[in-house]
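Please open the structure in your viewer and keep the selection tool at hand. The tour below moves from one selection to the next and says what is found at each stop.

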Amino acid sequence: MTTTPVVPAVPRGLAGVVVTDTALGDVRGREGFYHYRQYSAIELAQTRSFEDVWYLMFHGELPDRAQAADFTARTASLRALPADVTEALPAIARAGAVSGPLAGLRTALSLLGASRGYRPVYDLDADRRRADALAACAAVPTILTALQRLGEGLEPVEPREDLPYAANYLYMLTGTEAEPERVRAVEQYLISTIDHGFNASTFTARVVASTGADLAACLVAAVGALSGPLHGGAPSRALDTLDAIGTPDRIDGWIREQVLSGRRIMGFGHPVYRTEDPRSRMLKSIAQGFGGPLVDFAVEVEQQVEAILAELKPGRELHTNVEFYAGVVMELCGLPRAMFTPTFCAARVIGWSANILEQAEDSKIIRPAARYIGTPPPQPVPAP
């Protein structure tokens, strides 16, 4: 007599299930705190450059001044794309006219990996893996901004090696150098979204890395996961919420209708945080530094949502997440809404790559089980 092995029950979506060890960081949702390596991610965003945090994620320590200067120059030199990738971008942009730069990035990353001869991480040493990751991360902003401009009927803007990461990103997007306060606001947003625990896209990148695939394949898979509206697609949708409400006198009625009908309010709630999202707190402060009607309206919506939820659903904790004020900050900094999620991607590619490098150190393939709930087998196969 055969027995079916007992498969332990796990929460839907693997919520809270520990699947590996990591030295890259963690999210402590009940505390409203997350960190990169041993440092508060928010404190890093407030005090360090994007390149410093990139170095930290790849090397495990913050750079000194000489290391920072060398790393910044090295990564800036990797921004230009191979000629065959550049030549293919107009066709990719045309094909993705509706789906946008994020969909095009999947194709372009595959081509970049092929063009640069990326080999399976399983076959490479740590230095070669890191070199591949640096080159891919440096190229992503160039690809994204080029696809956006081509989609607008404009010529791509070549990257500049004399500008830091965030300043160069805005320059390639607009063709002009942005004001320092806007550059710093975008840089702080980018730093705050480099990594955030084992979210869907990061876990996807690690699953593919566990097979030994090349770095481009891992990143393409991660971008695919990020493209889902329940993951990275919410910053523009949060602004769409503000647009739908329209004016302060409509806030109460609109929010009540959403809550009572059970519909989600985009920009609010998070699967991990049970208190205020620390990224939202920082971005709100940045937005208030700019000021203006949009910021005032966003703050009023936030306050009324929390008050209405306290009345209609007492005991339920629901606060703004990173997308709510991220959308406001990016709007104030002049980014088109079509680039909100791609901008998130331009930061998260660093976290994905750090996770891929860490996963590549362990050759054990990630292969979970599923519980079969269909018709009991074996059933007789019906005659044709």
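A residue is called buried when its relative accessible area is under 20%, exposed when that area is over 50%, and partly exposed in between. Keep in mind throughout that this is a predicted model.

Begin by selecting R130 and D127, whose side chains meet in a salt bridge with 3.5 Å from N to O. Both belong to helix α6 (residues 126-151), and because they are three residues apart there, about one helical turn separates them. R130, at 21% relative accessibility, counts as partly exposed, whereas D127 is exposed, with a relative accessible area of 57%.

Next, colour the chain by its domain assignment, which gives domain 1 (41-229 + 337-361) and domain 2 (234-332). Between them, 17 residues from domain 1 and 23 residues from domain 2 take part in the contact. The C-alpha centres of the two domains lie 28 Å apart, and the domains bury about 1,700 Å² between them, 67% of it on carbon and sulfur atoms. Select H196, R337 and F340 on the domain 1 side, since these supply 39% of the area that domain 1 buries against domain 2, more than any other three residues.

Which residue forms a salt bridge with R337? Select D240, and the closest N and O atoms of this pair will be found 3.1 Å apart. Adding D243 and E331 to the selection completes a network of salt bridges that links them with D240 and R337. Between domain 1 and domain 2 the count is three salt bridges, and four residue pairs are in polar contact across the interface. On the side of domain 1 that touches domain 2, the elements giving two or more residues are α1 (41-47), α8 (180-192) and α16 (340-360), and of these α8 gives the most, with six residues.

Stay with α8 and select R184 and E187, whose side chains meet in a salt bridge of 2.8 Å, N to O. R184 is partly exposed at 24% relative accessibility, while E187 is buried, with a relative accessible area of 10%.

Finally, go to H231, in the loop between α10 (215-226) and α11 (235-245). Is H231 buried or exposed? With a relative accessible area of 16%, H231 is buried, and the residues that H231 touches include N199, A200, E323 and R348. H231 and A200 are 31 residues apart in sequence, yet their C-alpha atoms are 7.4 Å apart in space.

Definitions and conventions
Residues numbered from 1 in each chain as written. Predicted model: local features only at pLDDT ≥ 70, side-chain atom pairs only at ≥ 80, totals over all residues. Heavy atoms only, no water. Domains from an automatic or database assignment. Contact = heavy atoms within 4.5 Å. Buried area = accessible area lost by both parts, 1.4 Å probe. Salt bridge = Lys/Arg side-chain N within 4 Å of Asp/Glu carboxyl O. Polar contact = N/O pair within 3.5 Å; in protein donor to acceptor, adjacent residues only side chain to side chain. Helix = DSSP H or I, 4+ residues; strand = E, 2+ residues; numbered from the N terminus. Buried < 20%, exposed > 50% of the residue type's maximum accessible area, 1.4 Å probe, protein only. Lists of a residue's contacts leave out its neighbours within four places in sequence.
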